[in-house]
Amino acid sequence: MKVLKFGGTSVGTPESMLRVKRIVEHTVRPAIIVVSALNGVTDQLYETAQRASHGESAYREIVAALRLRHLQMVRDVIDTRAQDALNAQLNALFNDLESILHGIFLTEDLTQKTTDAVVSYGERLSSTIVAAALSGAQYIDARQLIKTHHGQHDVVDFETTNRLVREQFTTLPSITVLGGFIASDAQTGVTTTLGRGGSDYTAAIIAAALDAEALEIWTDVDGFMTADPRLIATAYTIPELSYEEATELSNFGAKVIYPPTIYPVRVKGIPIYIRNTFFPEGAGSVIRNNAAPSPHAVRGISSVNETSMVTVSGMSMVGVLGVNRRIFGTLTEAGVSVFMVAQTSSESSTSLCVRPEDGPRACQALDNAFRREIAEGAMSPAQLAEGLATIAVVGKQMKDEPGITGKLFTTLGRNGISVAAFSQGALELNISFVIRRDVLRKALSVLHDSFFLSRHQDLNVFVCGIGTVGSNLLHQIEAQRESLLHERALRINIVGITSTRGAAYDADGLPQDVTLDSTHPDKGIHGMVRQIKQLNLYNSVFVDCTASEEVAKCYQDLLEHNVHIVTANKVAASSDYAIYQRLKHTALERGVKFLFETNVGAGLPVINTIGDLTASGDKILRIEAVLSGTLNFVFNALSQDVPLSQAVKQAKEQGYSEPDPRIDLCGKDVIRKITILARESGYRVESSDIESKPFLPASFFEGTLDEFWQALPQLDAQFEAERQRLQREGKHWRFVATWSEGKGSVGLREIDASHPFYNIEGSNNIVMLTTARYREYPMLIQGYGAGAAVTAAGVFADIMRVANI
């Protein structure tokens, strides 16, 4: 025998009601069917009672609408031959309801007794319809079976209830239907209720009393989820969990099952199956003894999204017996329920988590109870903290894995999430903590990923600048998206794009063909920073594909908000050493990445190699490098047929140089690069410390760009004569950056055939590292050092490093 409970959404529409009928037709017999009110009806009944008690005649309109809805349901799902008799039953119930409400309206008095009477009609109406819809079903008024203790409207009298249930079902009909939620006083027979969600409880009580084979809860979700799917898109169904785990998740916000439901069936070892009425073929979740072990220490994460925290503190509490009894006794008398407690080891303060609507009342009650101690200064008035949320990380296997709590708080801290209070029992079944509500989604997301509950890792990427590098990057990410997801379990979400021309943002990810909004109020770097802070997404990565000093100035703010930075922009890493050092220190302190591999050598692994060498104890003694792809292209292009002026134009036309080639020709870019390499090698150096030896006269860097192009051919003959001399001597020009013995320089050098730099072609870069370990045979790193595609690839690689891939 099974007990099946169907929730309000399962019986809320004609279509869903017919689904219920099909499910019951295919279930094992005998079966007992427990149903909730049609979805939304209980709330409306509460509203009618409140309106009537305030003398508002509008309650009648609500009742009229409810009557029409239920009668329409009959027309849609009941055989026409049975409709008249059923309509008569429903109309009789509605007439009784209207009489009760009219009495409330006249007296403007609403007691718990009359409230229970009014809201009971939801289940009485729905169960009457469901019984008529199921062929051969027997209807029973649940109030005849479920009894509550006299004067305690929601406390079940199990002794009486179990006896009545067993007597009623000595012989089990094929199908029995009754309404959940409703009960009656064991002595007076007056209608009572079991609290919101009480239909689950009704089903569990009956299942336990009859030693049912199973209890099935049919609802509108697939089962218990690893986290709230409305907040975490990667949440998935938990196949099995223990009674204890289900209780903890339910108490902390997982609204799959009413928490008291679990106890009666837990005692009897009856499994609870959570199934989806709208996806009946789904496996759902099962709650049972000896649930299959989870592949992870954490079974699930739940949250109470609206929390207030009341703190009672004072030195007079230390070591005094009975203080906690007074606190909880006071709150019980005030009708305040506490769902989490955190207390200091000295007992000088106790923090209690309550519903926001209960917070002020709790403070008032506690201040009154401890008014003498407060007046004497021995205790402080109760403090109320609002705008909070509570998260519970649940799993029976957590106790077997050392370091879970440490990992949890480290993960939160690295993402800039502060914990206001936390609680953990000795069983280590549940680690609960309180945070600001505005970081709830971020906290859930990062914990879901951190504890390996997500089947893939998410990176939320904001791209600033969509010139040649930025646009190449977006294309490369799109081309690799599916491969990364399926082969490396990494999903890269482009959630923000901005430029001087427009912007677009979407926390769920922008489409590939997104068009930037030129009127977006958050276009540009400062708008993007606002959006990053406002969206507050976990694993946020800011990608700078510009060369803007204004953008670089925002790095510190972003790092302080725990945002990873990947940048092709050399400004920050080559700026004042104090700025560079502060950025590196902030990233380390916040546990985020500040990556700028493409600042030197485009996609070549230069900075990471230096980092690996120094981290392993090696010391960089000397750096020699050809670091300008533009200049290397120019000097490799020079020939009898290609003079200097034409080679520079070709570099610009082929995208190797900046729009103003003088930026490359002056060597400033190379100065920045050797400064960065020296800093990454452990040296304190400013860009101004690097000696520069320009190969063009200073006058060529003055005036307009047009004037530069007009004047440049004047140098062609001079450079051609020198080129011919070098050719005769078997040498090549290379613009070389050097760092040695604490000094740096950049300038044009003549390289003979014995030098490793002699044969580098095109726009290639080469870096030669002499270290304590690589002293006799220096390490060489060589390859493409310029071009939007390779730079974008280097940026892409840094993004992957953020994900530790």
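The lining of the second largest pocket divides into 16 nonpolar, 21 polar and nine charged residues, and I should say at once that this comes from a predicted model, as does everything else I will describe today. The space in this second largest pocket is about 1,100 Å³, and of the 46 residues that line the pocket, those closest to its centre are Val 469, Cys 545, Thr 546, Ala 547 and Glu 658. If you want to trace the lining by its helices, then α16 (468-488), α18 (549-552), α23 (629-637), α25 (662-665), α26 (668-680) and α29 (788-802) each supply at least two residues. Among the contributors to that lining, α26 gives the most, with four residues.

Let me stay with α23 for a moment, since this helix, which supplies at least two residues of the pocket lining, also packs against a neighbour. The axes of α23 and helix α24, residues 644-653, come within 9 Å and cross at roughly 135°, which makes α23 oblique to α24. The crossing of these two helices, α23 and α24, is right-handed. On the α23 side the residues that meet α24 are Thr 630, Phe 633, Val 634 and Ala 637, and on the α24 side they are Leu 644, Ala 647, Val 648, Gln 650 and Ala 651. By class, that contact of α23 with α24 has seven nonpolar and two polar residues, and no charged ones.

A second helix pair takes us to another part of the chain. Helix α11, residues 323-333, packs with helix α12, residues 359-369, at an angle of about 130°, and their axes are 9 Å apart. So α11 and α12 are oblique to each other, and their crossing is right-handed. The contact is built from Arg 326, Ile 327, Thr 330 and Leu 331 of α11, together with Ala 362, Ala 365, Leu 366 and Ala 369 of α12. Sorted by class, the residues of this contact of α11 with α12 are six nonpolar, one polar and one charged.

Leu 366, one of the α12 residues in that contact, turns up again in the lining of the largest cavity. How many cavities of 30 Å³ or more does a search of the whole structure find? The search finds one, and the largest cavity holds about 40 Å³ of space. Besides Leu 366, the residues lining the largest cavity are Val 312, Asp 367, Phe 370, Ile 374, Met 379, Ser 380, Pro 381 and Ala 382. That lining divides into seven nonpolar residues, one polar and one charged.

Finally, a few points about the backbone, for which it helps to recall that most residues other than glycine have a negative phi, and that most peptide bonds are trans. Where along the chain does Pro 30 sit? Pro 30 is placed in the loop between α1 (14-25) and β2 (31-35), and the peptide bond that leads from Arg 29 to Pro 30 is cis, with omega near -5°. Glu 108, in the loop between α4 (80-107) and α5 (112-119), has a phi near 50°, which is a positive value in a residue other than glycine. Asn 539 likewise has a phi near 50°, again positive in a residue that is not glycine, and Asn 539 is found in the loop between α17 (525-535) and β21 (540-544).

How values were computed: Residues are numbered from 1 along each chain as its sequence is written. This is a predicted model: local features need pLDDT of at least 70, side-chain atom pairs count only at pLDDT 80 or more; totals for chains, interfaces and linings use all residues. Side-chain values use heavy atoms; hydrogens and water are left out. On a 1 Å grid over the protein atoms alone, a cavity is a set of points where a 1.4 Å probe fits but cannot get out, and a pocket is an open set with protein on both sides within 12 Å along at least five of seven lines; lining residues have an atom within 4 Å of a point. Grid points are joined across faces, edges and corners, and a volume is the space filled by probe spheres set on the points. Ala, Val, Leu, Ile, Met, Phe, Trp, Tyr, Cys and Pro count as nonpolar, Asp, Glu, Lys and Arg as charged, and the others, Gly among them, as polar. Axes are lines fitted to C-alpha atoms, for helices over the stretch in contact, and angles run from 0 to 180 degrees between N-to-C directions. Angles under 35 degrees count as roughly parallel, over 145 as roughly antiparallel, 65 to 115 as roughly perpendicular and the rest as oblique. A crossing is left-handed if the near helix is turned anticlockwise from the far one by less than a right angle, and right-handed if clockwise. Contact means heavy atoms within 4.5 Å.
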